[in-house]
Amino acid sequence: MSRKSQPQFPASRRVVAVWFRWKLILTLSTALCILTLLSIHLQSRPSETLPSLSVARSRIPIRKYSGDRPKIAFLFLARLDLPLDFLWDRFFKGADRRNFSIYVHSVPGFVFDDSTTRSQFFHNRQLKNSIEVVWGESSMIAAERLLFASALEDSSNQRFVLLSDSCVPLYDFGYIYRYLMSSPKSFLDSFLDTKDKRYTMKMFPVITKEKWRKGSQWISLIRSHAEVIVNDDTVFPVFQKFCKRSLPLDPRKKWLYLKKRRHNCIPDEHYVQTLLTMRGLESEMERRTVTYTTWNLSAKRAEAKSWHPLTFTSENSGPEEIGEIKKINHVYYETEYRTEWCRTNSKPVPCFLFARKFTRGAAMRLLSEGLVESSTDTTTL
């Protein structure tokens, strides 16, 4: 039986067919490689890209200060304006302008001028590279880093105080200046929380459980610690990637909620404390804050989730209440069975220099009753 012959194609057509197959294979391979690289990039990239963080992410050179007029940098983290600017105006009056500087992080585009503030001290003190801040996410600490980065550009700034727009000073400028300058340490809460559920093993191995710390957002730092924060390019990206607000649970979309559920570690209560602990700097800290907050600690366990800072109004911000705050000389950390006696340069001092959350009415009462005076720079510790 003879074999059935196959149709014969001209040689040129066979070459074209082979060339077309190879071109198709190469095109598909190239597309697959691009998609793979893009997928890897997106997974390794921090989940929140903030172009305006370029200033904070650039390395800040360590500058040794050789002058004789070190300054306190007052860093205000504001939601919009500064509603208590009239009280801070009184505080800064009489103080030597060579002893302090002011920086404000507000919403992008907001400008402090005659139409937005009653105090000349705040004119044009807003950051030009501010970002949108969302509570409970890494943008909060990103804004803090921007404040520190801006203040570090002035080598005279040797102490850095982070304040909210509801904070008030409890003493005049002279007392606060000597209090902070006389101590070679930073002041910040930093403690272990045995009931903590905010740490996630996804942060390992960059952040280990034994280095995880908690504390108040409102801190006072020495310059070298501010430099550590701004120059950090290891710990901050972990907070960016893994600390997100939890989505509200809608029974009608429970499946979607479970699919997109996020871990909320409250970055502003953990980032600085954890970072400095990881860098082995705990011996350079007074492990307490100098900003007072009173909490609504419900006696009922069922209401524990509703704990929040109590607000000072004109009714509860008189001489008696302020006097009680000024008498506090120690802080007890229940989770560590640790009592932190308040000292600066080994000398006993009141614990708190500032307090929050104050309304306009409360601030007006402080002024009217002489509880906040302009500084004469003569008060001693």
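**A small mixed sheet, two nonpolar cores and a buried serine**

In this predicted model, strands E4, E13 and E8 make up an open three-stranded sheet, arranged in the order E4-E13-E8 and with mixed pairing. Strand E4 (168-169) and strand E8 (291-292) are the edge strands, each pairing on one side only. E4 and strand E13 (residues 354-355) run antiparallel and are joined by two bridges. Across this pairing, proline 169 lies opposite phenylalanine 354 of E13. As general background, the strands of a sheet pair through backbone hydrogen bonds, in either a parallel or an antiparallel sense.

Helix H5 comes next. Eight of the nine residues of H5 (residues 173-181) are buried, so the helix is largely enclosed by the rest of the structure. The buried residues are Phe173, Gly174, Tyr175, Ile176, Tyr177, Tyr179, Leu180 and Met181. At the start of the helix, aspartate 172 places a side-chain oxygen within 3.3 Å of the backbone nitrogen of glycine 174.

The largest nonpolar core holds 52 residues, and among these Phe74 and Trp88 touch the most other members. Two or more residues of this core come from each of strand E1 (71-77), helix H3 (85-92), strand E2 (100-105), strand E3 (157-164), H5, helix H10 (319-327), E13 and helix H11 (360-368). The greatest contribution is that of H5, with seven residues. Nonpolar side chains tend to be buried together in soluble globular proteins.

Phenylalanine 74 offers a handy view of how these elements meet. With residues up to four places away in sequence set aside, phenylalanine 74 touches Trp88, Phe91, Phe92, Phe100, Ser101, Ile102, Tyr103, Val161, Leu163, Phe173 and Phe354. Two of these partners have already appeared: Phe173 is one of the buried residues of H5, and phenylalanine 354 is the residue of E13 that stands opposite proline 169. Separate from this core is a second one of 42 residues, whose members include Ile141, Ala151, Leu188 and Phe242.

Serine 186 deserves a look of its own. This residue belongs to strand E5 (residues 186-187). Serine 186 has a relative accessible area of 0%, which is under the 20% cut-off, and therefore counts as buried. The side chains of serine 186 and histidine 225 are joined by a polar contact of 2.7 Å. Beyond its neighbours within four places in sequence, serine 186 is in contact with Ser220, Leu221, Ile222, His225, Glu284, Met285 and Glu286.

Technical notes: Residues are numbered from 1 along each chain as its sequence is written. This is a predicted model: local features need pLDDT of at least 70, side-chain atom pairs count only at pLDDT 80 or more; totals for chains, interfaces and linings use all residues. Side-chain values use heavy atoms; hydrogens and water are left out. Buried means under 20% relative accessible area, exposed over 50%, partly exposed in between (1.4 Å probe, protein chains only). Helices (H or I, at least four residues) and strands (E, at least two) are DSSP runs, numbered from the N terminus. A polar contact is a pair of N or O atoms within 3.5 Å; within protein, one must be able to donate a hydrogen and the other to accept it, and residues adjacent in sequence count only if both atoms are side-chain atoms. Two strands pair if DSSP finds at least two bridges between them. A nonpolar core is a set of buried Ala, Val, Leu, Ile, Met, Phe, Trp, Tyr and Cys residues joined through side-chain atoms within 4.5 Å. Contact means heavy atoms within 4.5 Å.
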